Amino acid sequence: MEHISKEKFERIPDDEKSAEFIARPRVTFWGDAWRRFKKNKLAIISLVILILLMLLVILGPVISHSLYGYEINSQDYSAKNLGPNSQHWFGTDNLGRDLFLRVCLGGRVSITIGLVGALVSTIIGTIYGAISAYAGGRVDTVMMRIVEILASIPYLLIVILVSLYAGETNIKTLVIAMTITGWTGMARLVRGQLLSLKNQDFILAAETLGVSNKNIILKHLIPNTLNVILIAISFDVPGYIFGEAFLSFLGIGIQQPATSWGALASYAQTNFLFYPYQLFFPALMIALTMLVFTLIGDGLRDALDPKMRQ
C-alpha cells in the first residue's frame with residue numbers, strides 16, 4: 001500500500017467549516033404551519049375576536065353580577081324594554097331582564113353545543129371512516145351505505161323524536177340529536193383521505209413488522225389526517241352553533257328558563273318592530289361567531305396545505 005505523505009493534506013480554516021452548518025433552524029410541520037398561519041392577518045384577527053368572545057361569555061355574567069347584582073332570571077318590571085344604557089348595556093326585555101347577562105349566558109350554551117357537537121362528530125366520524133377505509137372491500141361498501149342512509153335523514157326530524165323521547169330539550173338532547181347523523185360528513189372525509197394513505201410504503205412496513213390493525217389505524221393513519229380533521233372541526237363548530245340557533249328560533253331548541261342565542265332571537269322576534277335591539281345583539285353574536293370560525297378555518301386550510309409551503 002502506497003504511503004500517503006502529510007503534505008497532501010491541508011487544514012480547513014474555521015470559516016470554511018462553518019459553511020457546513022445548517023443556517024436555518026429545523027422547523028417541525030406544526031411549527032411551520034403556525035408560522036404561515038400568523039402571516040394570515042385576517043385569521044389572526046378572527047382568532048383574537050374569538051378569544052374576546054370566549055372571555056365575554058365567561059366573564060360577562062361575573063361582571064354583571066358584581067356591578068349590578070343581576071341574575072339570569074332577575075325581573076324588574078319598572079325597567080321593561082329599555083334600550084341600551086349605562087346600567088343595561090344591551091338593554092332589557094319585556095320582563096325587565098338584563099339582556100347583556102342573558103346574551104353572555106346564552107353564548108355559553110351555544111358555544112358549548114358547537115364545540116361538544118363538533119368534538120363528538122369528529123371522534124365518531126374519524127374512527128368510523130378509518131375502519132371503513134382500512135378494511136376495504138365488502139366491509140367498506142356496507143359501512144358507506146349505512147352512512148348514506150343516515151345522511152339522508154333530516155336532523156330536524158331526529159331532534160323532534162329525541163326531544164319527545166327525552167321529554168325535554170336541553171344541551172344534552174340537542175347534542176345527541178344533532179350528532180346522530182352529524183358525524184357522517186367527517187366519516188366520508190376521513191375515509192377519502194385514508195384511502196390514499198393505506199397503500200403507502202410506511203403502512204406496508206408496519207404490516208410487515210406485525211403491527212396490529214388497531215395500532216395501524218390509531219398510530220399511523222389517523223395522525224396523518226390531523227390537518228384535514230382540524231380544518232373540518234373549524235367549519236363544523238359554526239355549523240352546530242347555527243343549527244342550535246335555527247332549532248331554538250323554531251321553538252324546538254333550548255327551553256326557558258335556560259337560554260341561548262337562538263332562543264333569545266326567537267323570543268325577540270315578536271317585538272322586533274318596536275325593540276329591534278333585542279334581536280340585534282343575539283343575532284350579532286351568532287353571525288360574528290360563525291364568521292370568525294369560518295375565517296380561522298380558511299387560515300388553517302392555507303397553513304396546513306403542504307402545497308403552499310414556501
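This note sets out several points on the side-chain packing and pairing in the structure above.

1. **Nature of the model.** The structure is a predicted model. The points below should be read with that in mind.

2. **The nonpolar core.** The largest nonpolar core has 22 residues, and among these Ile 113 and Leu 174 touch the most other members. Six helices each supply at least two residues of this core: α3 (41-68), α4 (99-135), α6 (155-166), α7 (171-179), α11 (226-250) and α13 (277-304). As general background, nonpolar side chains tend to be buried together in soluble globular proteins.

3. **Surroundings of Leu 174.** When residues up to four places away in sequence are not counted, Leu 174 touches Ile 113, Val 159, Thr 169, Glu 244, Leu 247, Ile 252, Gly 253 and Ile 254. This list includes Ile 113, the other residue named above for touching the most core members.

4. **Ser 110 in helix α4.** Is Ser 110 buried or exposed? Its relative accessible area is 0%, so Ser 110 is buried, since the limit for that class is under 20%. Ser 110 lies in helix α4. Leaving out residues up to four places away in sequence, Ser 110 touches Ile 241, Glu 244, Ser 260, Trp 261 and Gly 262. With one of these, Glu 244, the side chain of Ser 110 makes a polar contact of 3.1 Å. Glu 244 also appears among the residues that Leu 174 touches. By contrast, the C-alpha atoms of Ser 110 and Ser 5 are separated by 81 Å, with these positions 105 residues apart along the chain.

5. **Aromatic pairs.** How many aromatic pairs does the structure hold? There are seven. In one of them, the ring centres of Phe 90 and Phe 100 are 5.2 Å apart and the planes stand at 80 degrees, so this pair is edge-to-face. The pair links distant parts of the chain, for Phe 90 is in the loop between α3 and α4 while Phe 100 is in helix α4, 10 residues apart. Both Phe 90 and Phe 100 are buried. Ring pairs also join these two with Trp 89, Phe 280 and Phe 281 in a cluster.

6. **The pair Tyr 275 and Tyr 277.** These two tyrosines form an edge-to-face aromatic pair, with 6.3 Å from centre to centre and 75 degrees between the planes. The two partners fall into separate classes of accessibility: Tyr 275, at 27% relative accessibility, is partly exposed, whereas Tyr 277, at 13%, is buried.

7. **Arg 97 and its partners.** Arg 97 takes part in two kinds of interaction. Its side chain meets that of Asp 93 in a salt bridge, at 2.9 Å from N to O. Arg 97 also lies over the face of Tyr 267, 5.4 Å from the ring centre. Arg 97 has a relative accessible area of 5% and is therefore buried; Asp 93, at 2%, is buried as well.

8. **Thr 92.** Thr 92 lies in the loop between α3 and α4, and at 0% relative accessibility it counts as buried. The side chain of Thr 92 reaches the backbone nitrogen of Asn 81 at 3.1 Å. Beyond its neighbours within four places in sequence, Thr 92 is in contact with several residues, including Ala 79, Leu 82, Arg 97, Leu 99 and Tyr 277. Two of these have been met already: Arg 97 in a salt bridge with Asp 93, and Tyr 277 in an aromatic pair with Tyr 275.

9. **Other salt bridges.** A search of the whole structure finds six salt bridges. In general, side chains of opposite charge can pair when their charged atoms come close. Arg 191 and Asp 140 form one salt bridge, with their closest N and O atoms 2.7 Å apart. This pair links distant parts of the chain: Arg 191 is in helix α8 (residues 184-195) and Asp 140 in helix α5 (residues 137-151), 51 residues apart. Arg 191 is partly exposed at 21% relative accessibility, whereas Asp 140 is buried at 9%.

10. **A salt bridge within one helix, and a network.** The side chains of Glu 148 and Arg 145 meet in a salt bridge of 2.8 Å, N to O. Both residues lie in helix α5, three residues apart, which is about one turn of the helix. Glu 148 is partly exposed at 38%, and Arg 145 is partly exposed at 39%. Elsewhere, Asp 32, Arg 35 and Arg 36 are linked in a network of salt bridges.

Definitions and conventions
Residues numbered from 1 in each chain as written. Predicted model: local features only at pLDDT ≥ 70, side-chain atom pairs only at ≥ 80, totals over all residues. Heavy atoms only, no water. Core = buried A, V, L, I, M, F, W, Y, C linked by side-chain atoms within 4.5 Å. Buried < 20%, exposed > 50% of the residue type's maximum accessible area, 1.4 Å probe, protein only. Helix = DSSP H or I, 4+ residues; strand = E, 2+ residues; numbered from the N terminus. Contact = heavy atoms within 4.5 Å. Phe/Tyr/Trp six-rings, centres within 6.5 Å; stacked < 30°, edge-to-face > 60°. Lys NZ or Arg CZ within 6 Å of the ring centre and 35° of its normal. Salt bridge = Lys/Arg side-chain N within 4 Å of Asp/Glu carboxyl O. Polar contact = N/O pair within 3.5 Å; in protein donor to acceptor, adjacent residues only side chain to side chain.
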